Amino acid sequence: MSVNLASFLYLVSGILFILALRGLSHPTTSRQGNIYGMVGMGIAILTTLALATPSAGGLVLILLGLAIGGGVGAVVARRIAMTSMPQLVAAFHSLVGLAAVMVAAAAIHAPESFGIGTIGAIHGQALVEMSLGVAIGAITFTGSVIAFLKLDGRMSGKPIMLPARHLINIVLGVGLVVLIVMLVTTQSTTVFWLIVALSLVLGVLLIIPIGGADMPVVVSMLNSYSGWAAAALGFTLGNLALIITGALVGSSGAILSYIMCKGMNRSFISVILGGFGGEAASAGGDDGIERTVKQGSADDAAYLMMNAQKVIIVPGYGMAVAQAQHAVREMADKLKANGVEVKYAIHPVAGRMPGHMNVLLAEANVPYDEVFELEDINSEFAQADVAYVIGANDVTNPSARDDKSSPIYGMPILDVDKARTCLFVKRSLGSGYAGIDNTLFYKDGTMMLLGDAKKMTEEIVKAMDH
Amino acid sequence: METLQKALDQLDQASAAVRMAVQDLATSGAAGDAAHALSGGMVDPFVFRFAIFVLAIFVGYYVVWSVTPALHTPLMAVTNAISSVIVVGALLAVGISAAGLATGFGFVALVLAAVNIFGGFLVTQRMLAMYKKKDGR
């Protein structure tokens, strides 16, 4: 196959990837889009095989690699629980990062295969592109591993703050630039591996100070990084599919990070610098006024909702933890059968990754036209009889709207306090991830339902049958 | 050469389309113009690649903003899968190089990318199938 034809085919696969993302603009077109993506990937792989014309041994090795990796990937994709999706995505990011490092390592050890020169005489430009790719790839790798451990609960979600961490990071960053210059001048593989090592350390240091509640931003950011790493290697290999895909993924991750930051009313920089969500509650609580909380039972909740005209359900991360999405849908079915209008309201940063709640509700067979984003539904709380908050906390805290001294002031919230009654399912009266007391608990219209989200919802469903 | 010309023509058309869509973003149009005006001469391929890169960023920007927030999780899963197109690098390393070390690194990269390709697309498909069930209602 000629190189020109191959370039053209890579362009085609790049276009198919664009169509794959385009399809996601609506659920009905999304599956078609996913197929475009698969076809694009198939074209890219076949084109490369036709171009490289591997030996019989090489081909066996390639098929073996694809079979091993593909088998593992397929099994994981089938078995993974929808609630574990954030961890899975973080783990996948780490694989892209590591794969980028490995491709660059192969390229520096066998530059002839990639047409970028010979050992000891690799083009300077290729080396710069390659070292950028490998640095970003290595940061993505360890950063995603840390994010995975935090999301999977194998590591505390609390920020780990090293003394002088900003200074350390700056020193490491400057060290990286120096090493890249050294690599171009000396062509030494030792320097290459030093770049890898330094970037791996940097990846860990960048993510450990970021708290669990900021993980949606981190996951999106690492998504973006994995794209930039791919693009940088695309320049090294002169591969259009890789360049286009890298740019797409890079901008996609950046946009998602931006949306998540906006959902928390925080700047991207402040999230990256980390440290949020670690300290115990400091604001909002101690104004010396004795405050009382109204508690209710499952029977009370069932009665209130069955006699309501409109119920809005507000799910949060707690629903995912308790796996309560199916119970919630059952409850909604009972209500609908009784003539109650049911809608779902999703805050942009509910859960641990963008769109996390939507996937869980979809899994529980909730029709997607009953699920609304914050800006589309927020005005409806005033007409709702009941807001059923399950596993969400900070995103409903009225302090963010009313109390200028609150650390989360300015964050867009769901106005659940405007509903006639707010039923708030929660395990205890503790504060949320941001460590901030929720004034909603003490409002007259709020009834606390203390207990496990799933059990409580199931009890309500039972009580509705009485 | 004919195919290259064809590809360049397509690129030119694409850049014109993007330029119309993004009139205020002069830089993207300028990059496309540069690629066209200089396509006859001897230009470092890097310039063309960079032009494509910049245009793809703009395409990505507009395409991703049009993604419905409900599908942001599948979006992350599918971007993950497509960024594994880095597998082409791994295939070159395994397929061409005779050197043991490079083949080894390439093989590891190949396995990792394959996990991602299959895992990413299949998990996306699984998620999207759940949104599908409600179409009838």
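In the predicted model, chain A and chain B bury about 8,600 Å² between them, and carbon and sulfur atoms give 78% of that area. Chain A contributes 106 residues to the contact and chain B contributes 84 residues. Polar contacts between chain A and chain B, with both residues at pLDDT 80 or more, amount to 14 residue pairs. Salt bridges across this interface number zero, whereas a search of the whole structure returns 14 salt bridges over all chains.

The largest nonpolar core comprises 197 residues, of which Met305(A), Ile313(A), Tyr388(A) and Ile460(A) touch the most other members. Helix α6 of chain B, spanning residues 100-132, supplies the largest share of this core, 18 residues. In soluble globular proteins, nonpolar side chains tend to be buried together. The surroundings of Ile313(A) can be listed in detail: with residues up to four places away in sequence not counted, Ile313(A) touches Val328(A), Met331(A), Ala332(A), Val342(A), Lys343(A), Tyr344(A), Ala345(A), Tyr388(A) and Ile390(A). Tyr388(A) thus appears both among the contacts of Ile313(A) and among the core residues that touch the most other members.

A further packing site is centred on Ile139(A), which belongs to helix α6 of chain A, residues 124-151. Ile139(A) has a relative accessible area of 12% and therefore counts as buried. Beyond residues up to four places away in sequence, the contacts of Ile139(A) are Ser144(A), Ser199(A), Leu202(A), Gly203(A), Leu206(A) and Tyr225(A). Of these, Leu202(A) lies 63 residues from Ile139(A) along the chain, yet the two C-alpha atoms are separated by 6.3 Å.

Helix α15 of chain A, residues 356-363, has seven of its eight residues buried and is therefore largely enclosed by the rest of the structure. The buried residues of α15(A) are His356(A), Met357(A), Asn358(A), Val359(A), Leu360(A), Leu361(A) and Ala362(A). Asn358(A) is also in contact with Glu373(A), a residue of strand β5 (residues 371-373) of chain A. The other contacts of Glu373(A), leaving aside neighbours within four places in sequence, are Ile346(A) in chain A together with Pro69(B) and Ala70(B) in chain B. Glu373(A) is buried but has no salt bridge, and Lys262(A), the nearest side chain of opposite charge, is 11 Å away.

Side chains of opposite charge can pair when their charged atoms come close. In chain A, Arg154(A) and Asp152(A) form a salt bridge in which the closest N and O atoms are 2.5 Å apart. Arg154(A) is exposed, at 61% relative accessible area, while Asp152(A) is partly exposed, at 27%. Arg420(A) and Asp385(A) are also joined by a salt bridge, with an N to O distance of 3.5 Å. This pair links distant parts of the chain, 35 residues apart: Arg420(A) is in the loop between α17 (399-402) and β7 (421-426), and Asp385(A) is in the loop between α16 (374-377) and β6 (386-390). The two partners differ in accessibility, since Arg420(A) is exposed with a relative accessible area of 63%, whereas Asp385(A) is buried at 12%.

A third salt bridge pairs Arg401(A) with Asp417(A), the closest N and O atoms being 2.6 Å apart. Arg401(A) lies in helix α17 and Asp417(A) in the loop between α17 and β7, so the pair ties together parts of chain A that are 16 residues apart in sequence. Arg401(A) is partly exposed, with a relative accessible area of 28%. Both residues belong to a network of salt bridges that also links Asp402(A), Asp415(A), Lys418(A) and Lys443(A).

Most residues other than glycine have a negative phi. Positive values occur at several positions in chain A, including Gln187(A), where phi is near 60°. Gln187(A) is in the loop between α7 (165-186) and α8 (189-207) and is buried, at 18% relative accessible area. Gln323(A), with a phi near 55°, is situated in the loop between α13 (317-322) and α14 (325-337). Gln323(A) is partly exposed, with a relative accessible area of 36%. Asn365(A), which follows α15(A), likewise has a positive phi, near 65°.

Definitions and conventions: Residues numbered from 1 in each chain as written. Chains lettered and ligands numbered in written order. Predicted model: local features only at pLDDT ≥ 70, side-chain atom pairs only at ≥ 80, totals over all residues. Heavy atoms only, no water. Core = buried A, V, L, I, M, F, W, Y, C linked by side-chain atoms within 4.5 Å. Buried < 20%, exposed > 50% of the residue type's maximum accessible area, 1.4 Å probe, protein only. Helix = DSSP H or I, 4+ residues; strand = E, 2+ residues; numbered from the N terminus. Contact = heavy atoms within 4.5 Å. Lys, Arg positive; Asp, Glu negative; His and termini not counted. Salt bridge = Lys/Arg side-chain N within 4 Å of Asp/Glu carboxyl O. Buried area = accessible area lost by both parts, 1.4 Å probe. Polar contact = N/O pair within 3.5 Å; in protein donor to acceptor, adjacent residues only side chain to side chain.
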